[in-house]
Amino acid sequence: MKQNRNILSCAHPLKEERSEPLPFQIPKPAEEDPEAPLRLKKILSSASYRQADQDVDFLNQDELRSFRLQVDFLKAEQTLKENRVENTIVVFGGTRIKEPGESKRKVDGLKAALESKPNDPLLLGKLRVAERVYAKSHYYHTAREFGRLVGESRRQAPDRACVVMTGGGPGLMEAANRGAYDSGALTVGLNINLPYEQFPNPYITPELCFRFHYFAMRKLHFLLRAKALVVFPGGYGTFDELFETLTLMQTRKIKQAPVVLVGESFWKEAFNVDFLICEGVIDPEDRELFWYAETAEEIWQSILDWYNVNGEPLL
């Protein structure tokens, strides 16, 4: 007992701050060297003095690319794990195909402009394109309804819930995120950093909206948890994501999963798979890597059927 009292009397109290500053906490005063403050200011502002993990210029050097690739992957990986996102239904589609009302307003605006310039070739060309986009705007409703179906499916199998994942942009990606949002489900958006400013669509779960530096890391996350890919009409970006997926499945680099192309008439015009078979550049069995669908119910049911047929029910 006497020994314990001695220990307590010698021990210092727990303190966050020191009573006396250490020598290096005080800059050399001008009284000792009039030029010291200016010299110290130059040192503190020099690039070499920046802490490495807070030095953006250093982190952006070519030699640090492997490090940037790692953190680009890990940030989304850890966040998705923390939110228990294990199974995703990835939806691709054009950013220019928007809600019918918005597309119609663009058509009406061009028609109004043509009233004063009826033979303007530029306006006539824009009107033709706007009318084609408007004709495809019904896919917005289809994508939104599909997102809702996927979101609501979590009630059937909460421990195996599928989460809608898109590129996070406007148009048909927005529609799919919006449908899942309507159902109250989590929904993911994988934005990419581009030379110009862009905004994610407002229906992504805030904690699950990511912005990638590298397309490769973004594509990796598209496929890591994908239980199916649903591809609506779109442009270069949509084709890039679709063909990369088909190539990986064709070569068996990844396990096969349903790939559903929505809008058979669009896809058969844009992508002539029979021509590729006839030319001998792909095999007939490669045509079986995807199928077509038109409605949200048809898309979702065909995905469920595929898993049931293959003995691995999705829900």
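**Close-up 1. Glu264 and its partner Lys268.** In this predicted model, Glu264 is partly exposed, at 29% relative accessible area. Its salt-bridge partner is Lys268, with the closest N and O atoms 2.8 Å apart. Lys268 is also partly exposed, at 48%. The two sit four residues apart in helix α11 (residues 264-270), so about one helical turn separates them. As a rule, residues three or four places apart in an α-helix point the same way, because there are 3.6 residues a turn.

**Close-up 2. A buried salt bridge between Glu77 and Arg225.** Here the side chains of Glu77 and Arg225 meet at 3.1 Å, N to O. Glu77 belongs to helix α4 and Arg225 to the loop between α9 and β5 (226-231), so the pair ties together parts 148 residues apart in sequence. Both ends are tucked away: Glu77 is buried at 12% relative accessibility, and Arg225 is buried at 10%.

**Close-up 3. Helix α4 and what covers it.** The 18 residues of α4 (residues 65-82) should span 26 Å, and the end C-alpha atoms are indeed 26 Å apart. Buried residues in α4 include Arg68, Phe73 and Leu80. Their cover includes α3, β2 (162-166), β3 (187-192), β4 (209-212) and α9 (215-224). Just past the helix, look for Arg84, which takes a positive phi of about 55°.

**Close-up 4. A nonpolar patch on the surface.** Leu40, Ile43, Leu44 and Tyr49 make up this patch, with about 390 Å² of accessible area together. Tyr49 sits in the loop between α2 (36-44) and α3 (56-59), and is exposed, at 53% relative accessible area.

Methods. Residues numbered from 1 in each chain as written. Predicted model: local features only at pLDDT ≥ 70, side-chain atom pairs only at ≥ 80, totals over all residues. Heavy atoms only, no water. Patch = residues over 30% accessible without salt bridge, like charges linked within 9 Å, V, L, I, M, F, W, Y side chains within 5 Å. Areas by Shrake-Rupley, 256 points an atom, 1.4 Å probe, with all protein chains shown as cover. Salt bridge = Lys/Arg side-chain N within 4 Å of Asp/Glu carboxyl O. Buried < 20%, exposed > 50% of the residue type's maximum accessible area, 1.4 Å probe, protein only. Expected span 1.5 Å × (residues − 1). Contact = heavy atoms within 4.5 Å.
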